[in-house]
Amino acid sequence: MLGIAGKAALAATLMCAAAASQPVWAETPAKPAGADGASAPAEAALPEGAALDELVAGLDAQLFDSFNRCTDPAQLERHGALFDEKIEFYHDLGGVTWTREAMVDSVRRNVCGKFRRELVAGSLRAYPIPGFGVMEIGEHRFCKPDGGACHGHGEFVMVWRRDGERWRVTRALSYAHRAVGEQE
């Protein structure tokens, strides 16, 4: 499902990783120092394999359960709380959103009561980002809010940052939007 540019970027990344003495993903960024100059406490290790997939599927479910019920102001607030204040959201049809406030306003105006989002079964992939969080990649459909037919399909990437036990989306890309049935 990668386009030419995506395949080229992937190939370049793999070639750079192969040339390095250790894989690029093995390098762990230094932890920021605390106010007293001591090392910041280490984050708990991310789960691996199926446990990481389950964690990300749960985060996705929280995010889009509130998205799908955003006509309720409490659910819209819950949805917004899952985004970093300085979210960067890149949408191939809608442009760029730079803040949580603008993101919530856009969802309120363009989503609530108009459609719901469904994750395409089997499409979710999760990749750890050491010292930061996790990258979620998948496909989704957009459907009538009453449970009716789906009319749109797209792909997405979300970068989730872990801060203690709290997770927030810091970057999101939603792209390759098309009518259901096109290029599927």
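# Close-up views of a predicted protein chain

**Figure 1. Y90 and its link to E88.** At 30% relative accessibility, Y90 counts as partly exposed. That label covers values between the buried limit, under 20%, and the exposed limit, over 50%. The model shown here, and in each view below, is predicted. The side chain of Y90 makes a polar contact with the side chain of E88, at 2.5 Å. E88 itself sits in strand β1, which covers residues 83–91. Which residues does E88 touch, leaving aside neighbours within four places in sequence? They are T97, W98, T170, R171 and A172.

**Figure 2. The whole chain, for orientation.** How many helices and strands does the protein chain have? The count is four helices and seven strands. Read from the N terminus, the order is α-α-α-β-β-α-β-β-β-β-β. The protein chain has 184 residues, and 32% of them count as buried. Now take the contacts with a separation of 6 or more: residues 24 or more positions apart account for 51% of these.

**Figure 3. Helix α2 and its buried side.** Helix α2 runs over residues 49–68. Its 20 residues, at 1.5 Å a residue, should span 28 Å. The expected span is 1.5 Å times one less than the number of residues. The end C-alpha atoms of α2 are 28 Å apart, so the model agrees with the expected span. Which residues of α2 are buried? The list is L52, V56, L59, D60, L63, F64, S66 and F67. Seen down the axis of α2, these buried residues fall within an arc of 160 degrees, so they line one face of the helix. The face turned away from that buried side carries the exposed residues A50 and E54.

**Figure 4. Aromatic pairs, in α2 and elsewhere.** The structure holds four aromatic pairs. One of them joins F64 and F67: the ring centres are 5.2 Å apart and the planes stand at 70 degrees, so this pair is edge-to-face. An angle over 60 degrees earns that name. F64 and F67 are three residues apart in helix α2, so about one helical turn separates them. Are these two rings buried or exposed? F64 counts as buried because its relative accessibility is 12%. F67 counts as buried as well, at 8%. Another edge-to-face pair is formed by Y90 and W98, at 6.0 Å centre to centre and with 80 degrees between the planes. Ring pairs also link F64, F67, F115 and F142 into a cluster.

**Figure 5. R117 over two rings.** Where does R117 lie relative to F64? R117 lies over the face of F64, at 3.6 Å from the ring centre. R117 also lies over the face of F156. There, the distance to the ring centre is 4.9 Å.

**Figure 6. Helix α4 and what covers it.** Helix α4 spans residues 100–110, and its buried residues are M103, V104 and V107. They cover an arc of only 95 degrees around the axis, so they lie on the same side of α4. What covers these buried residues? The cover includes helices α2 and α3, together with strands β1 and β2 (95–97).

**Figure 7. E77 of α3 and V104.** E77 belongs to helix α3, residues 73–81. Is E77 buried or exposed? E77 counts as exposed because its relative accessibility is 62%. The chain separates E77 and V104 by 27 residues. In space, the C-alpha atoms of E77 and V104 are 8.0 Å apart. V104 is one of the buried residues of α4.

**Figure 8. A176 and H177 in strand β7.** Strand β7 covers residues 166–179 and includes A176. Most residues other than glycine have a negative phi. A176 is not a glycine, yet its phi is positive, at about 60 degrees. A176 counts as partly exposed because its relative accessibility is 25%. H177 also has its place in β7. A polar contact of 3.1 Å joins the side chains of H177 and S174. Which residues does H177 touch, not counting those up to four places away in sequence? H177 touches H91, D92, L93, H140, F142, H153 and G154. F142 appears in the ring cluster of Figure 4 too.

Methods
Residues are numbered from 1 along each chain as its sequence is written. Side-chain values use heavy atoms; hydrogens and water are left out. Helices (H or I, at least four residues) and strands (E, at least two) are DSSP runs, numbered from the N terminus. A polar contact is a pair of N or O atoms within 3.5 Å; within protein, one must be able to donate a hydrogen and the other to accept it, and residues adjacent in sequence count only if both atoms are side-chain atoms. Contact means heavy atoms within 4.5 Å. Buried means under 20% relative accessible area, exposed over 50%, partly exposed in between (1.4 Å probe, protein chains only). The arc is that of the directions from the helix axis to the C-beta atoms. Rings of Phe, Tyr and Trp (its six-membered ring) pair if their centres lie within 6.5 Å; planes under 30 degrees apart count as stacked, over 60 as edge-to-face and the rest as tilted. A charge sits over a ring if NZ of Lys or CZ of Arg is within 6 Å of the ring centre and within 35 degrees of the ring normal.
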